[in-house]
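Dear colleague,

Please find below the structure that I am handing over to you. I would be grateful if you could keep it open while you read the notes that follow.

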Amino acid sequence: MEYSPPPLFKQGASARAKAVICTLMALALLIADSKVHALLLVRQAVGTALYPLQMVALVPRDASNRVIDYFSSLSTVEKENQALRSKQGERAQQLQQAQQLAAENAQLRKLLGAEQRLPVKSVMSEILYDARDQFARKVIMDRGSQHGVATGQPVIDDAGIVGQVTRVFPFTSEVTLLTDKDQAIPVQVLRNGLRSVAYGRGQSGYLDLRFMSSNADIQKGDLLVTSGIDGVYPAGLAVAKVIQVETKSADAFAHIVCEPVAGIDRHTQLLILLVDPNPIARPDDEAAVPNSKADILSKRRLTESTRDKTREAAAKDAGKESNPEAARKNPQGAGTR
């Protein structure tokens, strides 16, 4: 009986022979492909058949790359968004500053034009801060006595009167606004020349024309200007505009409310008019006519009465010296002799 090994242990050619055969086949295929391109169709067919398997094998790699790209792009977008927001904030701040500078430039140009139109000297000033008293309408300016500012000088902007200097320091000054409750300014109606006095109303920001009769010729929309009779404010400067006129038959005076035309709460640059804070005192009525007939007669009568009294006193003294005993016995008669 012939013995044969099981199929698992059956062996064909040796490993060395298999290696030599495979090497020769590989060399033959390489030579044939490089010389006559005999395996081009085979390669294309094999590549086409293996393409789906390649795609399936590349799915995990592509998915991981997409996840990495997503998170990296998300981080990049967030950084760019933050950078754009910061740039937007800077641009907005620069735009606001540019707008503010443009407004200040326009205001300064207007003040320069107003300064050239005024017949008096003036000095440009800027508001530093509001006064500490919250119930008063006052501001602190950056010009003082070293710049020629004195108490009582008016303060204006390009539109009209803003206030008056009420306190002066070497390098700063305090200005009380027209709307302060303790401030008053002589005005007149530009339309008909009617004179009055405007008083501040405090925090409300308006002015009152007090003690005006109910039949006074004042209408809504009338412009009030400085009258110049106080000797402080130059005449013709705009002060306020009438916005309300109420007259009642039972009241003797009309209720008139005015709105300032100047930028009381808007501008930071103002003009201080360097007018003389101590104008020449005006003469009284009697002193205005020193050579009148009544004055001359009164002086003459006063002189004559003084002269008569002096003569009577001298006669009494002379009588006492000439007859002292009679004066003692009859003191009453001695005085009449």
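Leaving aside its neighbours within four places in sequence, which residues is Leu 209 in contact with? Please bear in mind, as you look, that this is a predicted model. Beyond those sequence neighbours, Leu 209 touches Val 187, Ser 196, Val 197, Ala 198, Ile 218, Leu 224, Ala 254, Ile 256 and Cys 258.

Leu 209 also has a place in a wider group. The largest nonpolar core comprises 25 residues, and Leu 209 is among those with the most contacts inside it, together with Ile 161, Ile 185, Val 239, Ile 256 and Cys 258. Two or more residues of this core come from each of strand S6 (184-189), strand S8 (207-209), strand S10 (238-246), strand S11 (255-260) and strand S12 (269-273). Another core lies apart from it and has 13 residues, including Val 123, Val 139, Val 149 and Ala 262. As general background, nonpolar side chains tend to be buried together in soluble globular proteins.

I turn next to the charged side chains. Side chains of opposite charge can pair when their charged atoms come close. The structure holds 8 salt bridges, and three of the pairs are described here.

The first pair to consider is Glu 174 with Lys 138, whose closest N and O atoms are 3.9 Å apart. This salt bridge links distant parts of the chain: Glu 174 belongs to strand S5 (residues 173-177) and Lys 138 to strand S2 (residues 138-141), 36 residues apart. Is Glu 174 buried or exposed? Glu 174 counts as buried because its relative accessibility is 9%, under the 20% limit. Lys 138, at 25% relative accessibility, counts as partly exposed. Both residues also belong to a network of salt bridges that includes Arg 167.

A second pair joins Arg 201 and Asp 208, with an N to O distance of 3.5 Å. Here Arg 201 is partly exposed, its relative accessible area being 35%, whereas Asp 208 counts as buried at 13% relative accessibility.

The last pair is Lys 181 with Asp 182, where the closest N and O atoms are 3.4 Å apart. Lys 181 has a relative accessible area of 49% and is therefore partly exposed, since exposed requires over 50%. Asp 182, at 63% relative accessibility, counts as exposed.

I suggest that you locate Leu 209 and its contacts in the display first, and then turn to the salt bridge between Glu 174 and Lys 138.

With kind regards

Key
Residues are numbered from 1 along each chain as its sequence is written. This is a predicted model: local features need pLDDT of at least 70, side-chain atom pairs count only at pLDDT 80 or more; totals for chains, interfaces and linings use all residues. Side-chain values use heavy atoms; hydrogens and water are left out. A nonpolar core is a set of buried Ala, Val, Leu, Ile, Met, Phe, Trp, Tyr and Cys residues joined through side-chain atoms within 4.5 Å. Buried means under 20% relative accessible area, exposed over 50%, partly exposed in between (1.4 Å probe, protein chains only). Helices (H or I, at least four residues) and strands (E, at least two) are DSSP runs, numbered from the N terminus. Contact means heavy atoms within 4.5 Å. A salt bridge is a side-chain nitrogen of Lys or Arg within 4 Å of a carboxyl oxygen of Asp or Glu.
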